[in-house]
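The following note sets out numbered points for a colleague who is examining this entry. The points take the sheets, the domains and the ligand surroundings in turn.

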Amino acid sequence: MTEVLPSKVLVTGALGQIGTELVAALRELHGNDAVIASDIREIDDHPVITNGPFTVADVLDKDALEEIVIDNSISTIYHLAALLSATGEKNPELCERVNVGGLSNVLELARVHNLRLFSPSSIAVYGPDCPKHAPQITPLNPTTVYGKTKVAGEVMARYYWEAHGVDVRGLRYPGLVSWKAPAGGGTTDYAVDIFHHAIKDGNYDCFVRQDTRLPMMYMDDAIRATLELMATPVESLTDARAGYNIAGCSFTAEELADAIKSRVDNFECTFTPDIRQEYADSWPDSVDDSEAKNDWAWEAQYGLENLVDEMLANLIHKYEVEA
Ligand SMILES: NC(=O)c1ccc[n+]([C@@H]2O[C@H](COP(=O)([O-])OP(=O)(O)OC[C@H]3O[C@@H](n4cnc5c(N)ncnc54)[C@H](O)[C@@H]3O)[C@@H](O)[C@H]2O)c1
């Protein structure tokens, strides 16, 4: 008789900005051994995820992923492996291969092995024709290859739900601000980097203009949103299930710099826009998240002021410990 193992969770792209914190939260919830972290990178170059199982896995290798799913009785995948906007624009072919091809592999595994799946989308699904306060439903005409892969991902996810009953869910994450792991090559990385430079150097040269306003969110809110969405009964979810808008807070680069200046003596911020300004300009200022509020009672807890307080307190402590 074969032993029936308790079901487990697999996280792809686990060594990234979100995975670092989501793995910790999932291990808190399910137990360390029940959450298998995976990434294309080796764990040795990562300081945090060492309290549970880790395996190297490329999401483009479907057979290897399937082996992990079967060997570990995986029941849910949190699929975080992706190339972000700035990295993706430098290598559009790889961005499409990883973001669309990787998701296609994971969706097929979910269909065949009856898995639940979390697949994040992004505010990058929107393009310049979108109203500045982005509705849940509006034409999606992104100008970045990254945005196009995220629109394709939402369409694929909806198809697998409608045609095959795969319980796949997603959030359109705003730019995420966190201190435990570095930001992973996106356009909103300045909202993370600015804190490190403020503490270490006392100055920062920001790569977008001061009046650039984007939807942002503190990581704690993003992790809570992810867990809340996955815990919602399936019948409460609507057509937005593949990419619910969730709003955290919306601020300009200058408002962020000013909030840091008011707490860090002599901090100076300059603004030298590069190519990432174009990507930022193509995205909305804020998002309407009324569907997430209605369907699963979503509510952000962090605005600009408490986000800045938390970032500075945690990073100052981290640098002190490391010194
Ligand atoms: N961080 C944000 O601000 C943000 C905003 C919107 C959406 N998202 C989405 O959330 C998800 C996770 O983002 P993140 O910020 O943690 O990204 P990240 O770049 O920090 O991490 C992605 C991880 O994927 C891994 N990876 C890359 N190619 C891989 C492959 N072929 N196989 C396995 N792993 C691979 C990388 O090594 C990396 O550790 C992505 O889908 C991203 O589009 C993130």
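1. In this predicted model, strand β9 (residues 171–173) pairs with β13 in the parallel sense, and 2 bridges connect them. Within this pairing, R172 is found opposite N245 of β13.

2. Both strands belong to an open sheet of 3 strands, ordered β6-β9-β13, in which the pairing is parallel. The edges are taken by β6 (121–122) and β13 (244–245); each has a single partner strand, so one side of each has no neighbour in the sheet.

3. A further open sheet is made of 3 strands in the order β10-β12-β14, and its pairing is mixed. Here β10 (175–177) and β14 (249–252) are the edge strands, and because each has a single partner strand, one side of each is left without a neighbour in the sheet. From one strand to the next, the twist averages 45°.

4. Within the mixed sheet, β10 runs parallel to strand β12 (residues 213–218), to which 3 bridges join it. One residue of this pairing is G175, whose bridge partner in β12 is M216. Helix α11 (residues 304–322) packs on the sheet and touches β10, β12 and β14. The direction of α11 makes about 80° with that of β14.

5. The domain assignment divides the protein into domain 1 (8–174 + 219–245) and domain 2 (176–217 + 248–286 + 302–322). Their C-alpha centres are 24 Å apart. To the contact, domain 1 gives 28 residues and domain 2 gives 23 residues.

6. On the side of domain 1 that touches domain 2, the elements giving two or more residues are α1, α3 (85–90), β7 (133–134) and α7 (219–231). By class, that side of domain 1 comprises 15 nonpolar, 9 polar and 4 charged residues.

7. Which residues are the closest to the ligand? They are G13, G16, A81, Y173 and G184, in a shell of 28 residues that surround the ligand. Two or more residues each are given to this shell by α1 (17–30), α4 (92–113) and β10. The largest share, 3 residues, comes from α1.

8. The shell around the ligand is made up, by class, of 13 nonpolar, 12 polar and 3 charged residues. Domain 1 and domain 2 each supply at least three residues to the shell. Helix α1 thus deserves attention on two counts: it gives two or more residues to the side of domain 1 that touches domain 2, and the largest share of the ligand shell comes from α1.

Conventions:
Residues are numbered from 1 along each chain as its sequence is written. This is a predicted model: local features need pLDDT of at least 70, side-chain atom pairs count only at pLDDT 80 or more; totals for chains, interfaces and linings use all residues. Two strands pair if DSSP finds at least two bridges between them. Helices (H or I, at least four residues) and strands (E, at least two) are DSSP runs, numbered from the N terminus. Axes are lines fitted to C-alpha atoms, for helices over the stretch in contact, and angles run from 0 to 180 degrees between N-to-C directions. Two residues are in contact if their C-beta atoms, placed from the backbone, lie within 7 Å. A residue is near a molecule or strand if its C-beta atom, placed from the backbone, lies within 6 Å of it. Ala, Val, Leu, Ile, Met, Phe, Trp, Tyr, Cys and Pro count as nonpolar, Asp, Glu, Lys and Arg as charged, and the others, Gly among them, as polar. Domain bounds come from an automatic or database domain assignment.
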